[in-house]
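Dear colleague,

Please find below the structure that I am handing over to you. A summary of what was found in it follows.

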Amino acid sequence: PHSRVAAMTGDMVEAMPDIMARGLSNYFKETKEKNHQFYLNKLGCYGSHVRTWERVAEAANDGYYLVLEDDAEFNHNWYDRLAAVLKEAPEFDILRLGFWGEFNDDDLSARVLMTNSSSGMCERVGIYKANEPSDEVKKASGEKFYYAGTHSMIANRDGARKLLEHFRANRISDVDGLCKIRHEEDHLRTYAVFPPVVGLQKEQAEKSVIRQGLDKMI
C-alpha cells in the first residue's frame with residue numbers, strides 16, 4: 001500500500017507554531033533576507049518532510065517505509081538492487097536510495113555485489129556513510145555538494161523517530177543538511193547508495209524550486 005502526502009508551502013509552515021518554535025538557523029535567516037521566495041520553498045520542503053516522517057513514526061506496522069519526492073524515478077532493476085542493498089547495509093536510521101553531487105571514497109561502508117536478473121551481469125553498488133565533508137575537502141575536490149537530495153529515503157518507525165528527534169534538536173534548516181552527519185556528536189546513522197536505486201527525473205529536477213534557488217545563490 002502507498003499514500004500521497006500533500007506538499008506544504010512555506011506560508012503554511014510559518015503558521016505552524018510547533019515547527020516555527022524551533023527557530024531558524026543562521027543559514028535560513030540569511031536566505032530569508034537574500035531570497036525570500038527561495039526561503040519559503042525550502043521551509044515548505046522542511047515542513048513537508050516533518051509531517052511525512054511523523055506519519056511513518058506513528059504507523060501501525062513496523063518494517064521499512066520508502067518516502068519519495070515528486071521528482072523521484074525508479075531506475076532499471078530497482079527492486080533487485082533494493083533487496084540486495086537492504087541485505088548488506090549496516091544498521092541505519094535513514095538510507096538514501098539515491099543522491100546527486102559527489103561521494104567520498106573514505107565514506108564507503110559496504111560494497112554490494114549482485115546479479116542483474118534481466119541481463120545476468122554482475123553489478124556493484126556502494127553504500128556510503130553520508131558525512132558532510134570539511135571545507136578543505138570540498139575545496140580540494142572542487143565539489144560543493146556531497147550526498148545531496150532527499151528525493152528517496154527509507155527508514156522504519158524507529159529511524160523516523162530518531163530523524164524527528166534530530167530535527168527537533170536543531171534549528172530549522174535545509175533538510176538535505178539535517179539528513180547528513182555534520183558533527184562528530186551527531187548520532188543519526190545515515191547512509192547513501194551509489195549508483196542510485198532511485199534517481200531523479202531530469203526534467204522535474206531541472207524545474208525544482210530548490211535547485212533553481214541554489215543555482216542563483218552559488
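I would begin with one pair of residues: Tyr65 has Ala155 of strand 6 as its bridge partner. Please bear in mind throughout that this is a predicted model.

**The sheet**

The bridge between Tyr65 and Ala155 belongs to the pairing of strand 1 with strand 6, which is antiparallel and extends over 4 bridges. These two strands are part of an open sheet of 6 strands, with mixed pairing and the order 1-6-3-7-5-4. Strand 1 and strand 4 (108-115) are the edge strands, each of them paired on one side only. From one strand to the next, the twist averages 25°.

Strand 6 is also joined to strand 3, by 2 bridges and in the antiparallel sense. Here Arg96 has Met153 of strand 6 as its bridge partner. The residues of strand 6 point in two directions: Ser152 and Ile154 one way, Met153 and Ala155 the other, and all are buried.

At strand 4, the neighbour is strand 5 (residues 122-129); the two run antiparallel and are joined by 7 bridges. Within strand 5, Gly126 is the bridge partner of Arg111.

Which strands does helix 5 lie across? They are strand 3 (94-96), strand 4, strand 5, strand 6 and strand 7, and the helix runs at about 135° to strand 4.

**Backbone features in the loops**

As general background, most residues other than glycine have a negative phi, and most peptide bonds are trans. Three places in this model deserve attention against that background.

Asn77 has a positive phi, near 65°, although Asn77 is a residue other than glycine. The residue sits in the loop between strand 2 (72-74) and helix 5 (78-88). Is Asn77 buried or exposed? With a relative accessible area of 11%, Asn77 is buried. Leaving aside residues up to four places away in sequence, Asn77 touches Met114, Asn116, Ser117 and Glu123.

Tyr147 likewise has a positive phi, near 50°. Tyr147 is placed in the loop between helix 6 (135-141) and strand 6 (152-155), and its relative accessible area of 0% makes it buried.

The third place is a cis peptide bond between Phe194 and Pro195, with omega about 0°. Pro195 is found in the loop between strand 7 (190-194) and strand 8 (198-200).

**Salt bridges**

Side chains of opposite charge can pair when their charged atoms come close. In the whole structure, 13 salt bridges are found. Three of the pairs are described here.

Asp174 and Lys42 form a salt bridge in which the closest N and O atoms are 2.4 Å apart. Asp174 lies in the loop between helix 7 (157-168) and helix 8 (175-178), while Lys42 lies in helix 4 (residues 36-57), so this pair ties together parts that are 132 residues apart in sequence. Lys42 is buried, at a relative accessible area of 4%.

Helix 4 also holds Arg51 and Glu54, which are 3 residues apart, or about one helical turn. Their side chains meet in a salt bridge at 3.1 Å, N to O.

Arg189 forms a salt bridge with Asp93, and their closest N and O atoms are 3.0 Å apart. This pair links distant parts of the chain, 96 residues apart: Arg189 is in the loop between helix 8 and strand 7, and Asp93 is in the loop between helix 5 and strand 3. How do the two partners compare in burial, partly exposed or buried? Arg189 is partly exposed, with a relative accessible area of 33%, whereas Asp93 is buried, with a relative accessible area of 3%. Glu91, Asp93, Lys162 and Arg189 are joined into one network by salt bridges that share partners.

**A patch on the surface**

Finally, Leu66, Leu68 and Phe74 form a nonpolar patch on the surface, and together they have about 230 Å² of accessible area. Leu66 belongs to strand 1 (residues 65-68). Leu66 is partly exposed, with a relative accessible area of 32%.

With kind regards

Methods. Residues are numbered from 1 along each chain as its sequence is written. This is a predicted model: local features need pLDDT of at least 70, side-chain atom pairs count only at pLDDT 80 or more; totals for chains, interfaces and linings use all residues. Side-chain values use heavy atoms; hydrogens and water are left out. Buried means under 20% relative accessible area, exposed over 50%, partly exposed in between (1.4 Å probe, protein chains only). Patches are made of residues with over 30% relative accessible area and no salt bridge: like charges are joined within 9 Å, nonpolar side chains (Val, Leu, Ile, Met, Phe, Trp, Tyr) within 5 Å. Accessible areas come from the Shrake-Rupley method with a 1.4 Å probe; for residues, only the protein chains shown count as cover. A salt bridge is a side-chain nitrogen of Lys or Arg within 4 Å of a carboxyl oxygen of Asp or Glu. Two strands pair if DSSP finds at least two bridges between them. Axes are lines fitted to C-alpha atoms, for helices over the stretch in contact, and angles run from 0 to 180 degrees between N-to-C directions. Contact means heavy atoms within 4.5 Å.
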